[in-house]
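Colleague: Mind if I quiz you on the labels you put on this model? I'd like to hear the reasoning behind each one.

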Amino acid sequence: MIHYALVCENAHKFEAWFRNAEAYDEQHQRGIVTCPICTSRDVQKALMAPSVSRANSEKVSLSIGHPQHVQLREAMRALRTKVTSEADYVGDKFAEEARKIHFKDVEARGIYGEATQDEVAALVEDGVDFMPLPNIPEEHN
Ligand SMILES: [Zn+2]
């Protein structure tokens, strides 16, 4: 058995056991290695750095059992699609770009991307009015 620390496209860190390195490669190629948090198949091996083990203890917000679970998930998915289809993707430059927009250094426009916990905290401190995007599992209903 071989133990891998993995990370998905949404920066969720998780760990998984495989029979051997070939088994991981094979399952990864077939797209059956999925993130347990958002079910993304865009998964890769994470580096075993100290920041990774700290990230493993970071919490994510989850919900189960609401009577309108499926409808709400669809609504959140639609919301996410609306935001991401009508805004520019700026990747990990989100905090930098959001601050420019907030302080009117650039023309106002819709952007989305990723930020670290520290960057999020700094944006809140600066009074930047942003919102989280839901990470919606694509496969489950
Ligand atoms: Zn994920």
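Colleague: What makes Cys8, His12, Cys35 and Cys38 protein donors of the zinc ion?

Modeller: Keep in mind that this is a predicted model. The atoms in question are SG of Cys8, ND1 of His12, SG of Cys35 and SG of Cys38, and they lie 2.0 to 2.3 Å from the zinc ion. The cut-off for a donor here is 2.8 Å, so these atoms count as donors.

Colleague: And why is the arrangement called tetrahedral?

Modeller: The four donor atoms subtend angles of 103 to 112° around the zinc ion. To pass as tetrahedral, all angles must lie between 85 and 135 degrees, so this arrangement gets the label. For reference, the ideal angle for four tetrahedral donors is 109.5 degrees.

Colleague: How are the donors spaced along the chain?

Modeller: The spacing reads C-x3-H-x22-C-x2-C.

Colleague: Why do you call the donor cysteines buried?

Modeller: Buried means under 20% relative accessible area. Cysteine 8 comes to 6%, so it is buried. Cysteine 35 has 1% relative accessibility and therefore counts as buried too. Cysteine 38, at 2%, also falls under the limit, so it gets the buried label.

Colleague: How many disulfides does the structure hold?

Modeller: Zero. A disulfide would take a pair of cysteine sulfur atoms within 2.5 Å.

Colleague: On to the rings. How many aromatic pairs do you count?

Modeller: Five. One of them is tyrosine 4 with phenylalanine 18.

Colleague: Why is that pair of tyrosine 4 and phenylalanine 18 called tilted?

Modeller: The centres are 6.0 Å apart, and pairing needs them within 6.5 Å. The planes make an angle of 45°. Under 30 degrees would be stacked and over 60 edge-to-face, so 45° ends up as tilted. The pair also links distant parts of the chain: tyrosine 4 sits in strand β1 (residues 2-8) and phenylalanine 18 in strand β2 (residues 13-18), 14 residues apart. Tyrosine 4 and phenylalanine 18 are buried.

Colleague: What makes the pair of tyrosine 4 and tyrosine 24 edge-to-face?

Modeller: Here the angle between the planes is 70°, with 4.9 Å from centre to centre. The edge-to-face label starts over 60 degrees, so 70° qualifies. This pair links distant parts of the chain as well, from tyrosine 4 in strand β1 to tyrosine 24 in helix α1 (residues 21-29), 20 residues apart. Both tyrosines, 4 and 24, are buried. Ring pairs thus join Tyr4, Phe18 and Tyr24 into a cluster.

Colleague: Now glycine 113. Why is it called partly exposed?

Modeller: Its relative accessibility is 26%. Buried would be under 20% and exposed over 50%, so glycine 113 lands in between.

Colleague: Where does glycine 113 lie, and what does it touch beyond its sequence neighbours?

Modeller: Glycine 113 is in strand β5 (residues 111-113). Leaving out residues up to four places away in sequence, glycine 113 touches Tyr89, Val90, Gly91 and Phe94. From glycine 113 to lysine 93 the C-alpha distance is 7.1 Å, with their positions 20 residues apart in sequence.

Colleague: What does the protein chain look like overall, in terms of helices and strands?

Modeller: There are five helices and five strands, in the order β-β-α-β-α-α-β-α-β-α from the N terminus on. Of the 141 residues, 28% count as buried. The accessible surface comes to about 10,000 Å², and 52% of that belongs to carbon and sulfur atoms.

Key. Residues numbered from 1 in each chain as written. Predicted model: local features only at pLDDT ≥ 70, side-chain atom pairs only at ≥ 80, totals over all residues. Heavy atoms only, no water. Helix = DSSP H or I, 4+ residues; strand = E, 2+ residues; numbered from the N terminus. Buried < 20%, exposed > 50% of the residue type's maximum accessible area, 1.4 Å probe, protein only. Donors = N, O, S within 2.8 Å, 3.2 Å for Na, K, Ca; no water. Tetrahedral: all angles 85-135°; square planar, octahedral: opposite > 155°, others 65-115°. Areas by Shrake-Rupley, 256 points an atom, 1.4 Å probe, with all protein chains shown as cover. Contact = heavy atoms within 4.5 Å.
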